[in-house]
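I opened this notebook to record what I looked up in the structure shown below. The entries follow the order in which I consulted it.

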Amino acid sequence: MQTNVAILIPAYELDEKLVELITRLRRDFVHLVVVDDGSVKEGARKVFERIRGDVDVLLVHKVNRGKGAALRTGIAWIRDHLPEVCAVVTADSDGQHASKDIVRVAEAAVGHPDGLVLGVREFTGTVPFRSRFGNTWTRILFWLITGLPVRDTQTGLRAIPRALFDRMLAVAGDRYEYEIRMLVDARRHAAKPLQLTIETIYINDNRASHFHPFRDTVLTQWALFTARLGIGLPGKKMAIGHCTKEAGHSVIGRKGK
């Protein structure tokens with residue numbers, strides 16, 4: 001089992017797929033952290049109650065703040081409470097990342113301590129049109145603006161080394177635009193992103209996605225253009241440990257307590 005990599009799962013209004021994911025990941029990882037991003041549905045609350053004893057910690061936002069905010073909350077907690085962890089792997093809660101691919105990304109992260117590791121999809125086979133078109137358009141635009149040939153700009157399966165924790169906490173954006181800024185910031189990392197091909201999985205035509213087609217598309221495209229100018233990104237030489245801790249969340253349940 002891996003002890004030096006923590007899995008971080010942001011979750012909002014989820015279902016039983018999270019229970020299944022946690023069960024599979026528990027076989028390979030010691031440290032699992034889940035962030036409830038303000039879920040209010042009774043079904044989601046029951047799922048969180050079921051997994052509480054199987055994760056290191058369940059962090060709860062009092063209101064829905066967005067995926068970017070949830071990721072920062074989890075990274076900050078891991079930075080401050082798990083000093084033995086050398087990298088964080090972020091994974092989606094909807095079952096669209098195969099556990100074998102999460103393990104592969106985690107293993108690669110140990111040998112890539114100065115840059116991101118990305119699990120990139122090939123978008124072959126049956127893929128929802130909006131997902132195929134959106135990723136193709138954003139990938140081309142991202143390359144034109146940044147010069148980085150990232151094959152899957154929308155992937156939620158990413159490994160972040162400890163050396164970049166503070167930079168990631170200083171990246172702006174509370175929703176999906178946070179993830180695009182993270183990739184733009186990779187231009188300033190000591191190592192370019194390492195990209196691993198992963199299985200492309202879409203469940204029920206991706207209906208469980210909380211991506212808002214208009215709002216989040218505008219936010220991510222605006223973030224891409226402005227981040228090229230350095231807006232919303234940390235400074236080039238930001239010192240390790242320069243940012244402040246995330247606030248506005250509570251801890252509900254910690255493994256062993």
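**Entry 1. A backbone angle**

In which loop is the place of Glu13? I found Glu13 in the loop between β1 and α1. I noted that the model is predicted. Glu13 is not a glycine, yet I read a positive phi of about 45° for this residue. I then looked up how far Glu13 is covered: its relative accessibility is 16%, so I entered Glu13 as buried, the limit being under 20%.

**Entry 2. The chain as a whole**

I next turned to the overall make-up. The chain has eight helices and eight strands. It comprises 257 residues, of which 54% count as buried. I looked up the contacts in the chain with a separation of 6 or more, and residues 24 or more positions apart account for 83% of them. The chain exposes about 11700 Å², and carbon and sulfur atoms supply 56% of that area.

**Entry 3. Helix α2**

Which residues of helix α2 are buried? In this helix, residues 42-51, I listed Ala44, Val47, Phe48 and Ile51. Viewed down the axis of α2, these buried residues fall within an arc of 100°, and they therefore line one face of the helix. I also checked what they pack against: the partners are β1 (2-11), α1 (17-25), β2 (29-36) and β3 (57-61).

**Entry 4. Nonpolar cores**

I looked up the largest nonpolar core and found 39 residues in it. The members that touch the most other members are Leu8, Ile75, Ile78, Leu116, Phe142, Ile160 and Met168. Helix α3 provides the largest share of this core, namely six residues. Apart from this core lies another, of 34 residues, with Ile9, Leu25, Leu32 and Ile198 among them. For context I recorded that nonpolar side chains in soluble globular proteins tend to be buried together.

I then followed Leu116 in detail. Leaving out residues up to four places away in sequence, Leu116 touches a list of residues that includes Ala159, Ile160, Pro161 and Leu164. Met182, Leu183, Ala186 and His189 are also among the residues that Leu116 touches, as are Lys192, Pro193 and Leu194.

**Entry 5. Val150**

Where is the place of Val150? I located Val150 in the loop between α5 (129-146) and β6 (158-161). Is Val150 buried or exposed? Its relative accessible area is 3%, which is under 20%, so Val150 is buried. With neighbours within four places in sequence set aside, I found Val150 in contact with Leu118, Arg139, Phe142, Leu183 and Gln195. Val150 and Leu118 are 32 residues apart along the chain, and their C-alpha atoms are separated by 8.8 Å.

**Entry 6. Salt bridges**

How many salt bridges does the count come to? I recorded 13 salt bridges, and I examined several of these pairs.

Lys67 forms a salt bridge with Glu179, with the closest N and O atoms 3.1 Å apart. This pair links distant parts of the chain, since Lys67 is in helix α3 (residues 67-81) and Glu179 in helix α7 (residues 177-185), 112 residues apart. Both Lys67 and Glu179 are buried. Lys67, Asp92 and Glu179 are linked in a network of salt bridges.

Arg72 and Asp174 meet through their side chains in a salt bridge at 2.5 Å, N to O. Here too distant parts are linked: Arg72 is in helix α3, and Asp174 is in the loop between α6 (165-170) and α7, 102 residues apart. I entered Arg72 as buried because its relative accessibility is 8%. Asp174 has a relative accessible area of 33%, so I entered Asp174 as partly exposed.

In a further salt bridge, Arg167 pairs with Asp185, the closest N and O atoms being 2.7 Å apart. Arg167 lies in helix α6 and Asp185 in helix α7, so this pair ties together parts that are 18 residues apart in sequence. I found both Arg167 and Asp185 buried.

**Entry 7. A surface patch**

Finally I looked at the surface. Ile140, Trp143 and Leu144 form a nonpolar patch there, and together they have about 330 Å² of accessible area. Ile140 is found in helix α5. I entered Ile140 as partly exposed because its relative accessibility is 42%, which lies between 20% and 50%.

Technical notes. Residues are numbered from 1 along each chain as its sequence is written. This is a predicted model: local features need pLDDT of at least 70, side-chain atom pairs count only at pLDDT 80 or more; totals for chains, interfaces and linings use all residues. Side-chain values use heavy atoms; hydrogens and water are left out. Helices (H or I, at least four residues) and strands (E, at least two) are DSSP runs, numbered from the N terminus. Buried means under 20% relative accessible area, exposed over 50%, partly exposed in between (1.4 Å probe, protein chains only). Contact means heavy atoms within 4.5 Å. A salt bridge is a side-chain nitrogen of Lys or Arg within 4 Å of a carboxyl oxygen of Asp or Glu. A nonpolar core is a set of buried Ala, Val, Leu, Ile, Met, Phe, Trp, Tyr and Cys residues joined through side-chain atoms within 4.5 Å. Accessible areas come from the Shrake-Rupley method with a 1.4 Å probe; for residues, only the protein chains shown count as cover. Patches are made of residues with over 30% relative accessible area and no salt bridge: like charges are joined within 9 Å, nonpolar side chains (Val, Leu, Ile, Met, Phe, Trp, Tyr) within 5 Å. The arc is that of the directions from the helix axis to the C-beta atoms.
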